[in-house]
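Work through these short exercises with the structure open. Each task is followed by a stepwise solution.

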Amino acid sequence: MRLPFSILLACFLFSPNGILADAPYDQVQDNPTWSNQNLDDVRADKYFHESTFAEHYDGRFGDRKLNYDERRGHLTALMQTYISTMNDIGAETWIMHGSLLGWYWSRKILPWDSDIDAMVSEQSIHHLAAYHNMTVHTFDLHNDDAEDNGHRSYLLEVNPHYANGSLDEVNKIDARWIDTTTGLFIDITTLRRNATAEARGIDGPMMVKDRHHYNYDDIFPLRHTTFEGYPIKVPFMYADILIEEYGEKALSDVYCENHIFDAELREWRPLSCKDRGTCGYFRNPVDGINLPASLDHSVGGSKTNAPHQIAGVPSALHNLPHVGESPRPPRLSQQRPSR
Ligand SMILES: *[C@@H]1O[C@H](CO)[C@@H](O)[C@H](O)[C@H]1NC(C)=O
Ligand SMILES: *[C@@H]1O[C@H](CO)[C@@H](O)[C@H](O)[C@H]1NC(C)=O
Ligand SMILES: *[C@@H]1O[C@H](CO)[C@@H](O)[C@H](O)[C@H]1NC(C)=O
């Protein structure tokens, strides 16, 4: 298996006693003078702040929006280091939203997406909050192209509002896995039991603070798979979840966000003018690729920005990636969250 980065698990915690590791920011941050946090928030008790320059960056660690090509490698490493850390810790996590859609197509992050989403179980968020909040995890990515040879640190930060399970627009993200070099991060939300439904004797409804709701059987038992070359889990009913969130076309349309799915390579690539037959319109068609400025937006989280078809390009439904449909195993009672 050849990966763009091979990750050496040189992971250690900046933790004096090894148990509670609440590192103050000045120990974590390389550039303490930077302040690109957008503190202009609607509510004073919003915990995580995005940056002033872009939505999907932490302004304490990043100072600019990365371009399309740069971003990709950083996001891949962000995902790989997250997966390997959660696997080491033993936290139960799986991918959702735009990341799940990327997994469905190519087992990789969607190249136009800068928003990575993971979900954890309630038990896992409690564990992360109690023992791993503000821990810094350092990896050597052995990336010869990078100035620092790929020596990277990632911060795991848990929102103190995580323990409050009620819907809360400003504190719906329970934790973040943050790249301290670029400010890119993974949003981590918690799948919770719905106490209201349980009180009414309804078995199954689960909730997330961002207003998504799922049934227990939509998610569990989790399926074992790989993402960006690393072992990860996905929800049992991944296809239904994706259709509900992005519409049926998102699973079949090979044109999306100015990209085309190359069935042979099993990869999304930017549409070129050759794909569109419009090369004559470009002055400088470098490889015929003309990326629009708007490529940084995300497909995650919201039902409104479902991937759309590019006008004039016929939909081709061939060679779609096929994911084996295994029969549902009998439900194991110990997989249910303890009540
Ligand atoms: C995590 O640590 C930060 C920094 O010390 C703190 O502000 C936050 O409340 C902590 N989160 C939890 C869940 O304790
Ligand atoms: C939980 O969050 C909600 C929404 O922000 C808030 O109204 C409520 O007071 C919080 N509860 C506690 C115990 O902090
Ligand atoms: C919890 O379940 C109840 C009853 O099924 C439902 O009305 C409510 O919307 C659910 N809450 C959330 C936050 O999903």
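**Exercise 1.** How do the residues of the shell around ligand 2 divide into nonpolar, polar and charged?

Solution. The model is predicted. Step 1: list the shell. Around ligand 2 stand Arg43, Asn164, Ser166, Leu167 and Asp168. Step 2: sort by class. Leu167 counts as nonpolar, Asn164 and Ser166 as polar, Arg43 and Asp168 as charged. Step 3: tally. The shell of ligand 2 has one nonpolar, two polar and two charged residues.

**Exercise 2.** Find the side-chain polar atoms that approach oxygen atoms of ligand 2, then state how much of the ligand the protein buries.

Solution. Step 1: take Asn164. An N or O atom of its side chain is 2.3 Å from an oxygen atom of ligand 2. Step 2: take Ser166. Here the side-chain N or O atom is 3.2 Å from a ligand 2 oxygen. Step 3: take Asp168. A polar atom of its side chain lies 3.1 Å from an oxygen atom of ligand 2. Step 4: turn to area. Ligand 2 alone exposes 360 Å², and the protein buries 33% of that.

**Exercise 3.** Which residues surround ligand 3? Give their classes, a polar pair and the covered area.

Solution. Step 1: list the shell. Ligand 3 is surrounded by Leu167, Asn194, Ala197, Arg200, Ile202, Met207 and His213. Step 2: sort it. Four residues around ligand 3 are nonpolar, two polar and one charged. Step 3: pick the pair. A polar atom in the Asn194 side chain is 2.2 Å from an oxygen atom of ligand 3. Step 4: read the cover. On its own, ligand 3 has 360 Å² of accessible area, of which the protein covers 63%.

Conventions: Residues are numbered from 1 along each chain as its sequence is written. Chains are lettered from A and ligands numbered from 1 in the order in which they are written. This is a predicted model: local features need pLDDT of at least 70, side-chain atom pairs count only at pLDDT 80 or more; totals for chains, interfaces and linings use all residues. Side-chain values use heavy atoms; hydrogens and water are left out. A residue is near a molecule or strand if one of its heavy atoms lies within 4 Å of it. A polar contact is a pair of N or O atoms within 3.5 Å; within protein, one must be able to donate a hydrogen and the other to accept it, and residues adjacent in sequence count only if both atoms are side-chain atoms. Accessible areas come from the Shrake-Rupley method with a 1.4 Å probe; for residues, only the protein chains shown count as cover.
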